[in-house]
Amino acid sequence: MKLLILQSVRNYELTIICMISISNSRKQNFGCACAVYTLGTDDVFITESQWKTKTPQFTTKLSIIPKFTDQQQLRFVLLEMTPVIQSIDQYKQIGDVVISLGQILVKGGVEATLMGGIGDVNIEVDQESRGRGVLSMIVAFVSMPKDHWLMKNYPQLVVLKKGQNDEWIPVFSSEVIKRSETGQWAPISLPCRLICDSDYSRQIRLLVQDVQKGNRIKPIGHVDIPVKLVGEARNMRLGLIPADPIVARAGSIIIRAATLIERLTFFGHLKRGLRFNFSCAIDFSANNRPPRDPKSYHYSSHDQKTPYEITIQSIGGVIEQYSDEQICYAWGFGARINRQICHTISLTDESGNSQLRSVHKMLNAYSTLFDKISFDRPIAVCPSMNMALNLVKGKKDPRCYLVHVIMISDDPSDLNQFCDLLYVSQNEALSVIIVGIGDSDFAKTEEKFRPGCPHKNSQGAKFDRDFVSFLKYSDFGQENIPQMISTALYSIPEQAIHWAEVNTI
C-alpha cells in the first residue's frame with residue numbers, strides 16, 4: 001500500500017509515500033488486505049486484496065496529513081479476505097501492529113512484526129520533491145516615464161500569476177518608492193507554490209504601477225517571463241510593455257540577481273538527521289500549595305493527574321516520537337532539598353540517572369520527588385534554563401534540537417534576566433514553551449511573550465528569531481488537551497527548520 005501524505009502550506013506538512021508489504025508470512029492460501037486505523041479518530045482505510053501470496057505488496061494510496069501536534073499512532077491490521085464483500089469489521093483480523101507516524105518518518109521506514117505471528121510489515125518511505133521551491137530576486141527599475149516634466153512616478157512592483165481562466169492574479173506587491181525614475185525595490189522571496197503552482201515553466205507577470213496620493217493607481221507597464229528564466233537571471237534588463245498603447249515607452253526593469261532553490265521539507269530535514277529532544281522545568285514553589293491539598297496544582301489521585309503531569313505527557317509524548325533515543329531531562333525549581341533552596345533539582349530514575357529514557361520514566365521521577373523536597377520560593381527560571389542550554393550550547397548538530405517546556409505557577413521573579421538569557425541564546429538549537437499553570441493572570445509573562453508581537457530583552461532589543469511561546473493551561477483545561485498540544489507545538493517544526501537553514505545544516 002502506498003501511504004500518501006498530502007502537501008500543505010505549512011513547511012512541515014509534506015508529501016510522502018509509504019510502500020507497505022508483508023514478508024515471512026505463515027500463511028499462503030488465503031486472500032488478504034491491509035487496514036490502517038488512525039488511533040483516537042474514526043479514520044480507517046483498507047487496501048486492495050491480494051490472493052494466494054506470502055509476500056503481498058499493496059499499491060493503493062492512502063491520504064493522510066502528518067501533524068506534529070499529535071502522536072498519530074497508526075494501527076496496521078492484516079485482514080483475511082473472503083470472496084464475499086463485507087464491512088471492514090466483519091473480516092477476520094489475523095495480525096496487527098501499532099506504529100507512530102513520527103517514528104516512521106524519523107527512521108525513513110520501518111519493519112515490524114505483526115502481533116499474532118502472521119509475518120512482518122515493511123513500510124518504506126519516499127517523498128515527492130515538488131512544492132518547496134522559493135524564488136528570491138532583487139529587481140531595479142530605470143527610465144520610468146512621467147506625465148509631466150515636473151512630476152515623477154511613485155513606482156511599485158506587483159507580481160502576478162496566471163489563473164485557471166488565464167486571468168492574471170496579483171500575489172505580491174512591493175513597497176512604493178517615492179518620486180523616482182530610477183531605483184531598486186527591497187529583495188523579494190516568494191514560494192513557488194504561490195506564484196506558479198511549482199511549475200517552473202509557467203510565466204509570471206512583473207507589473208510596474210504608479211501609486212499616487214490618495215491611492216490612485218495607474219499601470220505603467222509589464223513583462224511576462226517564465227519562473228525558471230527569472231531564477232537564472234543576472235543583471236537581466238527587460239523592457240516593459242506599456243500599459244497605455246499610445247505611450248511609446250514604459251521604461252525597463254533589471255533583475256539584478258535571482259535564485260530558485262528547493263527548500264527541504266520537514267521530512268527532508270529528518271532524512272538529514274534533524275531530531276527533537278525533550279526537557280522541562282517544573283515549578284515546586286509554595287505558590288502551588290502542598291501536594292496533599294486537593295486544591296494543589298501538584299495533587300494527584302488514582303483517577304486524577306496533575307496539570308504538570310498532563311502537560312509533560314501531552315507535549316513530551318509527541319516530541320519523543322521524533323527522537324532516536326528518546327532521552328529527556330527535567331529539573332525542578334522553587335523548592336528546598338536538604339534545607340537548601342534549589343532551582344535545579346534534577347529528576348532522576350531509580351538508579352539516580354538524570355538521563356531519563358522516556359517521558360514515562362520522567363513522570364515516574366516526578367511522582368517520587370515529593371518526599372525529598374519542601375515547597376518554597378521564589379519562582380526563578382534562569383538556573384534551569386541554563387541547564388537546558390548546556391545541552392545544546394555551541395552545537396550545530398541537528399540531532400540535538402531541544403524543545404524545553406517551562407511550567408510556572410506565577411510570573412518568574414527573574415523574568416527580565418530570563419528574557420536577556422533567551423536573547424543571547426536565540427541562535428542555539430532550541431525552542432521554548434512556557435506554560436502557566438494555576439489561577440494567576442501571568443500578566444508580566446504574557447506581556448513579554450505575546451503571540452504575534454516581537455519579543456524583546458530587558459533593554460528593548462528585538463529578538464531576531466521567533467522560538468519562544470507562552471500559553472495558559474487554564475485556557476484549555478483537561479477537556480481541551482488536544483487544542484493545548486496544538487497551540488504549544490504548532491510552530492515548533494518551522495522554528496527548527498528555520499534554525500537548520502540559518503545554520504546551513
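Which residues have the most contacts inside the largest nonpolar core? In this predicted model, they are Phe276, Phe278, Ile433 and Leu489, and the core that holds them has 77 residues. Helix H5, residues 307-319, gives the most to this core, with 6 residues. At least three residues of the core come from each of domain 1 (11-126) and domain 3 (273-503). In soluble globular proteins, nonpolar side chains tend to be buried together.

The surroundings of one core residue, Ile433, can be described in detail. Apart from neighbours within four places in sequence, Ile433 is in contact with Val403, His404, Val405 and Ile406, and also with Ile315, Ser469, Leu471, Ala488, Leu489 and Ile492.

The protein chain is divided into domain 1 (11-126), domain 2 (134-261) and domain 3 (273-503). Between the C-alpha centres of domain 2 and domain 3 the distance is 47 Å. An unreviewed UniProt entry carries the annotation "domain: Copine C-terminal" for residues 296-503. Helix makes up 32% of the span 296-503 and strand 17%, and the C-alpha atoms at its ends lie 43 Å apart.

Two helices were examined for their buried residues. In helix H6 (residues 359-367), these include Val359, Met362 and Leu363, together with Ala365 and Tyr366. The buried residues cover an arc of only 160 degrees around the axis, and therefore lie on the same side of H6. Their packing partners are E21, H5 and E22.

Helix H7 (residues 382-390) has Cys382, Ser384, Met385, Ala388 and Leu389 as its buried residues. Seen down the axis of H7, the buried residues fall within an arc of 160 degrees, so they line one face of the helix. The buried residues of H7 pack against strands E21 (276-283), E22 (328-333), E27 (401-408) and E28 (430-436), as well as against helix H8 (415-424).

An open sheet of 5 strands was also identified, with antiparallel pairing and the order E13-E12-E16-E17-E19. Its edge strands, E13 (168-173) and E19 (241-242), each pair on one side only. Within the sheet, strand E16 (residues 203-212) is joined to strand E17 (residues 216-226) by antiparallel pairing over 10 bridges. Val208 stands opposite Gly221 in E17. Strands of a sheet pair through backbone hydrogen bonds, either parallel or antiparallel.

Key
Residues numbered from 1 in each chain as written. Predicted model: local features only at pLDDT ≥ 70, side-chain atom pairs only at ≥ 80, totals over all residues. Heavy atoms only, no water. Pairing = 2+ DSSP bridges. Helix = DSSP H or I, 4+ residues; strand = E, 2+ residues; numbered from the N terminus. UniProt positions renumbered as here; feature names shortened; annotations may be inferred. Core = buried A, V, L, I, M, F, W, Y, C linked by side-chain atoms within 4.5 Å. Buried < 20%, exposed > 50% of the residue type's maximum accessible area, 1.4 Å probe, protein only. Domains from an automatic or database assignment. Contact = heavy atoms within 4.5 Å. Arc of directions from axis to C-beta.
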